[in-house]
Amino acid sequence: MKIWLIQPNEPIVFEGSTDRKWRTQLLGDVLAGRGHEVLRFASAFDHSTRTHMYEPGSMREIAPGHTILFLPSVAYHKSVSFRRYLNHVLLAREFKHQSEQLPCPDIVISSFPQIELAKEATDYATSIGIPGIVDVRDLWPDTLIDLVPKRWQSAAKLCLWPMYRQATHAFVAASAVTGVTDEYVGWALGRAGREPGTLDRSFPLAYPDDRPNGRELRDADHYWDSMGVTGERGQFVVACVGAFMRSVRDEMDVIFQAASQMRGDTDFIFVVCGHGDTFVHFSSVAEKAENVRLPGWIDKTRIFSLLQRSNVGLLAYPSSRNYRLNIPNKVGEYLSAGLPIVSSLQGRVEALLQEHKCGFSYDNGSPKSLATLLERLKTEPALLAECSTNARALFNRDFSATAVYSEMADHVEQVAGDRRRVGQS
């Protein structure tokens, strides 16, 4: 089959890179490995670095049978801004133009968001009579409304009415809706005004279970040793790997406040990794905290090394509806290392940690709650060891990229096959 994947913002990992592959590339690799011809539409403007990294209109094969087409668009510097909206609109327009020039595929899978691209993708699939899958990763535009003070939310919904209309259009036109949780799929089907069908289902954000080679791992181990993060001699290492987004700024601030409260216990080391809009702010805060390390963005090998020498993995998110219904990618990442999770998230993540006894929750917005929990866990190594065993078992069962994206590829083939059988009847 010819399969189109539409996901403009995920990082693209080329051969020899030490970055990790994300959902779309992992799925594309599985599909290409089965002999399908996979074409992914991506943006020439890189979301994570905020730079134009690729030649607009160019194509590049990243694995046998798996090719990237880079769509041109405008740059933006803030995650929530008019220029980002313009970027989305122009990408959708360019996708529509390219789709009219290229040989027709057998199925189209579009990530949601982007709203505008998902709408154009399902319109295209409908126009030529092929199935279109919408894969829900975020609850746009509801997520944008959550960023607005409550007294202005009604007005904001009115302003974003075109986005709501396009989102509903995409879900109604989709042959199948997938998503990262059952709740995300249910949200999309609610917008479409229909009950779940046999082709609507969730696939979690899974994580690759591959070990770095010896030389790369030795270099990464040396890096953390040089920063005084050893996990030895009584150190209790709290790892937080994520992004410095404005939407999580208050919960990230809780980490630094808790670290400040715990300065008296020199065994605790907080390692907060990532980059983003608020990184500069937290860099200045971290300079005053001797028990905090803020290395910025790190590659997958350094992440692997860090998690191996950590005691817990920290999830710092607000419990807004978008996050309550989600299981972030970092859950699979921590579980892959057999790392007990400490989380501020209510909802799906809290229920997961309780059900499988692989982590603990603290109160949103409460440095004291976080500090108290960490101090307790430090004194209960047997409990942490039990949670670690449970974490790895849960990863193997539900969050291994090998298993999850093979199953998702089966589903793509099923959706395409069902539509072909309908067309032949």
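## Arginine 191, two sheet regions and a helix pair

Arginine 191 lies in helix H7, in a model that is predicted. With a relative accessible area of 27%, arginine 191 is above the 20% under which a residue counts as buried, and therefore it is described as partly exposed. When residues up to four places away in sequence are left out, arginine 191 touches Tyr164, Thr168 and Phe171. The C-alpha atom of arginine 191 is separated by 8.0 Å from that of valine 172, although the two residues are 19 residues apart along the chain.

### The eight-stranded sheet

Helix H7, which spans residues 182-192, is the helical part of a right-handed β-α-β unit whose strands are E9 and E10. Strand E9 (residues 176-179) directs Ala176 and Thr178 one way and Val177 and Gly179 the other way, and all of these residues are buried. E9 is paired in the parallel sense with strand E8 (residues 132-136) over four bridges, and within this pairing valine 134 has valine 177 of E9 as its bridge partner. The pairing of E9 with strand E10 (residues 201-202) is also in the parallel sense, over two bridges, and here glycine 179 stands opposite serine 202 of E10.

These strands belong to an open sheet of eight strands, in the order E5-E6-E2-E1-E7-E8-E9-E10, with mixed pairing. Strand E5 (59-63) and E10 each have a single partner strand and stand at the edges, so one side of each is left without a neighbour in the sheet.

Two helices can be placed relative to the strands of this sheet. Helix H2 (residues 82-99) lies across strand E1 (2-6), strand E2 (37-43) and strand E6 (66-71), and runs at about 125° to E6. Helix H3 (residues 115-128) lies across E1, strand E7 (107-112) and E8, and runs at about 165° to E7.

### Strand E11 and its partners

Further along the chain, strand E11 (residues 236-241) has six of its six residues buried, so the strand is largely enclosed by the rest of the structure. Phe236, Val238 and Cys240 point one way from E11, whereas Val237, Ala239 and Val241 point the other way, and all are buried. The pairings of E11 are set out below.

| Partner of E11 | Sense | Bridges |
|---|---|---|
| E12 (residues 268-273) | parallel | six bridges |
| E14 (residues 312-315) | parallel | two bridges |

In the pairing with E12, valine 241 has cysteine 273 as its bridge partner. The connection from E11 to E12 runs through helix H9 (residues 249-261), and this β-α-β crossover is right-handed. In the pairing with E14, the bridge partner of alanine 239 is glycine 313.

### The packing of H8 and H11

Two packed helices are described by the angle between their axes and the distance between the axes. For helix H8 (residues 214-226) and helix H11 (residues 300-308), the angle is about 60° and the axes are 9 Å apart. The crossing in which H8 passes H11 is right-handed. On the H8 side the contact is made by Glu216, Leu217, Ala220, Asp221, Tyr223 and Trp224, which meet Thr301, Arg302, Phe304, Ser305 and Leu306 on the H11 side. Taken by character, the residues of this contact between H8 and H11 comprise six nonpolar, two polar and three charged.

Terms used: Residues are numbered from 1 along each chain as its sequence is written. This is a predicted model: local features need pLDDT of at least 70, side-chain atom pairs count only at pLDDT 80 or more; totals for chains, interfaces and linings use all residues. Side-chain values use heavy atoms; hydrogens and water are left out. Axes are lines fitted to C-alpha atoms, for helices over the stretch in contact, and angles run from 0 to 180 degrees between N-to-C directions. A crossing is left-handed if the near helix is turned anticlockwise from the far one by less than a right angle, and right-handed if clockwise. Contact means heavy atoms within 4.5 Å. Ala, Val, Leu, Ile, Met, Phe, Trp, Tyr, Cys and Pro count as nonpolar, Asp, Glu, Lys and Arg as charged, and the others, Gly among them, as polar. Buried means under 20% relative accessible area, exposed over 50%, partly exposed in between (1.4 Å probe, protein chains only). Two strands pair if DSSP finds at least two bridges between them. A crossover is right-handed if, with the strands pointing away from the viewer, the path from the first strand over the helix to the second runs clockwise.
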